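Ready for a little practice at reading a protein model? Grab a pencil and work through the exercises below.

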Amino acid sequence: MISPHLSLISTDLSRNNIVLNDATLVMTKKIRTYLKDSLSLKTGHVVKKNVKKGYKALFVGAPGSGKTSAALAVANEFKRPVYKINLAKVISKYIGETEKNLDLLFANAENKNWILFFDEADALFGKRTNVKDAHDKYANIEVSYLLQRMENYEGLSILATNLKGNIDAAFTRRFQSVIHIP
């Protein structure tokens, strides 16, 4: 059963159907290389110790610039399903529920070769703040928990945002690719 926090998205687009500038194409090539070599990277005896789990990419661009289309085109090339995270169902106002939802989401995706797509990622991966009250404390705990789960996810995660500056620096440091889509 698929988590209610995920929805399968698809398109018949290929990278030949979308227009990307040269710099963007070079950056998406890194993702394609990961997808092509991911099985050998996960099982290779010598390489296994030196390679980070999974691959994390951030797509940055204005609304309508093609962030989702670029993610789907890359996925289609490797016949990988893309699951969009439903932020409205993941984020909860109740303490501990967001973490529980995230745990279910990642447990569902583990070992399935899915691509997780977090649209409007700044809503979930926002900057931690100075703790002024209990709300700040628990918001920071959610971000820390998400950071840990993202780090351990062995698949491809693509985050898309219009507001790169709103994403916590700890996440930004862990992206293997930050791709600007003009």
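Buried means under 20% relative accessible area, exposed over 50%, and partly exposed in between (1.4 Å probe, protein chains only). This is a predicted model, where local features need pLDDT of at least 70, side-chain atom pairs count only at pLDDT 80 or more, and totals for chains, interfaces and linings use all residues. Residues are numbered from 1 along each chain as its sequence is written, and side-chain values use heavy atoms, with hydrogens and water left out.

**Exercise 1.** Work out whether Thr-161 is buried or exposed.

Step 1: Find Thr-161 in strand S5 (residues 156-161); helices (H or I, at least four residues) and strands (E, at least two) are DSSP runs, numbered from the N terminus.
Step 2: Look up its relative accessible area, which is 1%.
Step 3: Thr-161 is therefore buried.

**Exercise 2.** Do the same for Pro-63, then say how far its C-alpha atom is from that of Thr-161.

Step 1: Pro-63 sits in the loop between strand S2 (55-60) and helix H2 (67-77).
Step 2: With a relative accessible area of 65%, Pro-63 is exposed.
Step 3: The two residues are 98 residues apart along the chain, yet their C-alpha atoms are separated by 8.5 Å.

**Exercise 3.** Which residues does Phe-106 contact, leaving aside its neighbours within four places in sequence?

Step 1: Contact means heavy atoms within 4.5 Å.
Step 2: Applying that, Phe-106 touches Leu-116, Phe-118, Leu-146, Arg-149, Met-150 and Tyr-153, with those neighbours left aside.
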